[in-house]
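This briefing gathers a few local features of the structure shown below, grouped by topic. Please read it with the model open, so that each named residue can be located as it comes up.

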Amino acid sequence: MKQIRISINGTEYQVTEHSNLAAVLMDKAIANRRSVTGEPRMAVCGMGSCGECRVTINQQAHQLACLLQCCDGMEVDCEP
Amino acid sequence: MSLNVVIVGAGPAGLAAAWSASQSNANITLIDQAAQAGGQIWRGGQGYAPKRYRHLFGQQTTLHYRKQTHVLGASEQQLYLATPQGPQQLRYDRLILANGARELFLPFPGWTLPKVVGVGGLQALVKGSLPIAGKRVVIAGSGPLLIAVASQLKQRGAIIKAVVEQVPIAQLLRFGRSLVGNPTKMLQAAQFAQALANTPFYVNTWITAAEGEGEVQQVQLNNGQRIECDYLACSWGLIANTELAQQLGCRLEQNFVVVDRSQHTSRDQVYAVGELTGIGGEDKAVIEGQIAGFVATGNYQAASQLAQQQAQARQFSQQLAASFALRPELRQLAQANTIVCRCEDVTLAQLQSQPSWRSAKLQTRCGMGICQGRVCGGATQYLFGWSQDSVRFPIHSVSVADLVMESV
Ligand SMILES: Cc1cc2nc3c(=O)[nH]c(=O)nc-3n(C[C@H](O)[C@H](O)[C@H](O)COP(=O)(O)OP(=O)(O)OC[C@H]3O[C@@H](n4cnc5c(N)ncnc54)[C@H](O)[C@@H]3O)c2cc1C
Ligand code: FES
């Protein structure tokens, strides 16, 4: 399987092409977002309905990571 | 000009509708927000469907298949879409709704911790290449999905520490007996049983809390047991994605879209199929999808030949609902400070003083976040009996840019 590079919060990672972005973040234990009260959150439903997996991709905010496959050069930013 | 048949959802129900509609010369558009066709059960594509259904994927070349396209709203003869190329409108003569279902999540202490996920949610992430081999997983909640997912994850090398089902044993056995006479389902049950031999399976039992620093590390059960884990997959059944149907004014009963034997809803030219009309799994979805595809394109003869299978599928769906009814104790799981609305971090205590869903929305912002009530709506309906009043356009949260439509 082809390996590609993506950046998450400024750090480069090598991942398998087409792997699900929410799955990659969960495996690396990187929280996708902070809740209103500051809790770290990760994907829950895996199917685009809960919104917990949302991240910024290539400067576009509020993208649902669970509906996206990783592609080369993707820049992912999670809420600090 | 040929008839425009538009199908929303490319799960088993939508794919089957597309297949039977394409036996005519109608102009067919199949829309799904996901990157690949297959819906929930066949997520990942053709290879995940049983052999008897793989032909349903073949139609994608002969019709207009619009992937990664969200249907944000619907009115008479018109759909409003958010596509990778921007917002668009699409006209339809016949609309087949096959939006499927989502999991019901009930709040309990610790359910917002990272790595507490849905049961189907974890299944989806694992199909999306989340490494699960050697990971300790507890699967809890209710419904046949628990066992199905447990056996799939085990095959991929997960250590299933426990499957925890809230239903009492007598009820579960009754469900087992109801499968007699349904060879496909019996075989499936036997395969799951074999796959899960030696896996602790608790009935009459439920999760009371998830605990951990930064992510889930252990779970607590109502029998006092504590189990360490890397993932807790938890869900309490399925609820239909009825938002579009509601927006069109289709009649609902007990949260499902009411249809007649031709899968026709109470609205002209609008059909509903699959989980939307009652939770029943892939076979029901395929039969109903086929019927709607045939009826929508005027092939009544072919549709009528499926009537008996349709009746059987509906009966199974009713047995399922009766067998996995939720017990009242689950209403006591959330504590005063437990978050119920995850988008806005609204706690149980904040909601308890509210008289209705509408008032909770206005006073606490519960249901106003990105999920638009798709998570907390199901939970508050179960906890307080609140029903969500009207469904406004758009049904998904979108950026303003997506609301500026272009006609196609
Ligand atoms: C997370 C999950 C996992 C499941 N796993 C299993 C399993 O392993 N085994 C099993 O027997 N059953 C499983 N089920 C039950 C499942 O619902 C049925 O088996 C079957 O997939 C139902 O088929 P369907 O076509 O009615 O709906 P679905 O398969 O849910 O398909 C609906 C499709 O519609 C799309 N959609 C919905 N709304 C929109 C919109 N507004 N715009 C664009 N697209 C939209 C969705 O992306 C989806 O692809 C699962 C259910 C869920 C929710
Ligand atoms: S995990 Fe729920 S929307 Fe992505």
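In this predicted model, the second largest cavity is lined by A:Cys50 and A:Glu52 together with B:Cys341, B:Arg342, B:Cys343, B:Cys371, B:Val375 and B:Cys376. Its lining divides into 6 nonpolar residues, no polar ones and 2 charged ones, and the space inside comes to about 40 Å³.

**Cavities**

- The count of cavities of 30 Å³ or more comes to 2, and the largest of them holds about 60 Å³ of space.
- The lining of the largest cavity takes A:Val44 from chain A, while chain B supplies B:Phe105, B:Leu106, B:Phe108, B:Trp111, B:Val116, B:Val117, B:Gly118, B:Cys234, B:Trp236 and B:Arg342.
- Sorted by character, the residues around the largest cavity are 9 nonpolar, 1 polar and 1 charged.
- B:Arg342 appears in the lining of the largest cavity and also in that of the second largest cavity.

**Strands and sheets**

- In chain A, strand S1 (residues 3-8) and strand S2 (residues 11-16) run antiparallel and are joined by 6 bridges, with A:Ile8 standing opposite A:Thr11 of S2(A).
- S1(A) and S2(A) form a hairpin that has 2 residues between the strands, and A:Asn9 in the turn has a positive phi of about 50°.
- In chain B, 3 strands form an open sheet with antiparallel pairing, in the order S4-S5-S6; strand S4 (70-75) and strand S6 (86-91) of chain B each have a single partner strand, so they stand at the edges and one side of each is left without a neighbour in the sheet.
- The twist in this sheet averages 20° from one strand to the next.
- S4(B) pairs with strand S5 (residues 78-83) of chain B over 5 bridges in the antiparallel sense, and B:Ser75 stands opposite B:Gln78 in S5(B).

**Helices of chain B**

- Is B:Glu288, which belongs to helix H7 (residues 281-296) of chain B, buried or exposed? With a relative accessibility of 1%, B:Glu288 counts as buried, because the cut-off for that class is under 20%.
- Leaving aside residues up to four places away in sequence, B:Glu288 touches B:Gln263, B:Val273, B:Gly274, B:Thr277 and B:Arg314.
- B:Ala321, by contrast, has its place in helix H9 (residues 307-323) of chain B and is exposed, with a relative accessible area of 54%, where the class requires over 50%.
- The C-alpha atom of B:Ala321 is separated by 7.6 Å from that of B:Ile279, although the two residues are 42 residues apart along the chain.
- Within helix H11 (residues 357-364) of chain B, the residues B:Trp357, B:Ser359, B:Ala360, B:Lys361 and B:Thr364 are buried.
- Which elements do the buried residues of H11(B) pack against? They pack against strand S22 (346-347), helix H10 (348-352) and helix H12 (376-384), which belong to chain B.
- B:Arg365, the residue that follows H11(B), has a positive phi, near 70°.

Definitions and conventions. Residues are numbered from 1 along each chain as its sequence is written. Chains are lettered from A and ligands numbered from 1 in the order in which they are written. This is a predicted model: local features need pLDDT of at least 70, side-chain atom pairs count only at pLDDT 80 or more; totals for chains, interfaces and linings use all residues. Side-chain values use heavy atoms; hydrogens and water are left out. Two strands pair if DSSP finds at least two bridges between them. Helices (H or I, at least four residues) and strands (E, at least two) are DSSP runs, numbered from the N terminus. Axes are lines fitted to C-alpha atoms, for helices over the stretch in contact, and angles run from 0 to 180 degrees between N-to-C directions. Buried means under 20% relative accessible area, exposed over 50%, partly exposed in between (1.4 Å probe, protein chains only). Contact means heavy atoms within 4.5 Å. On a 1 Å grid over the protein atoms alone, a cavity is a set of points where a 1.4 Å probe fits but cannot get out, and a pocket is an open set with protein on both sides within 12 Å along at least five of seven lines; lining residues have an atom within 4 Å of a point. Grid points are joined across faces, edges and corners, and a volume is the space filled by probe spheres set on the points. Ala, Val, Leu, Ile, Met, Phe, Trp, Tyr, Cys and Pro count as nonpolar, Asp, Glu, Lys and Arg as charged, and the others, Gly among them, as polar.
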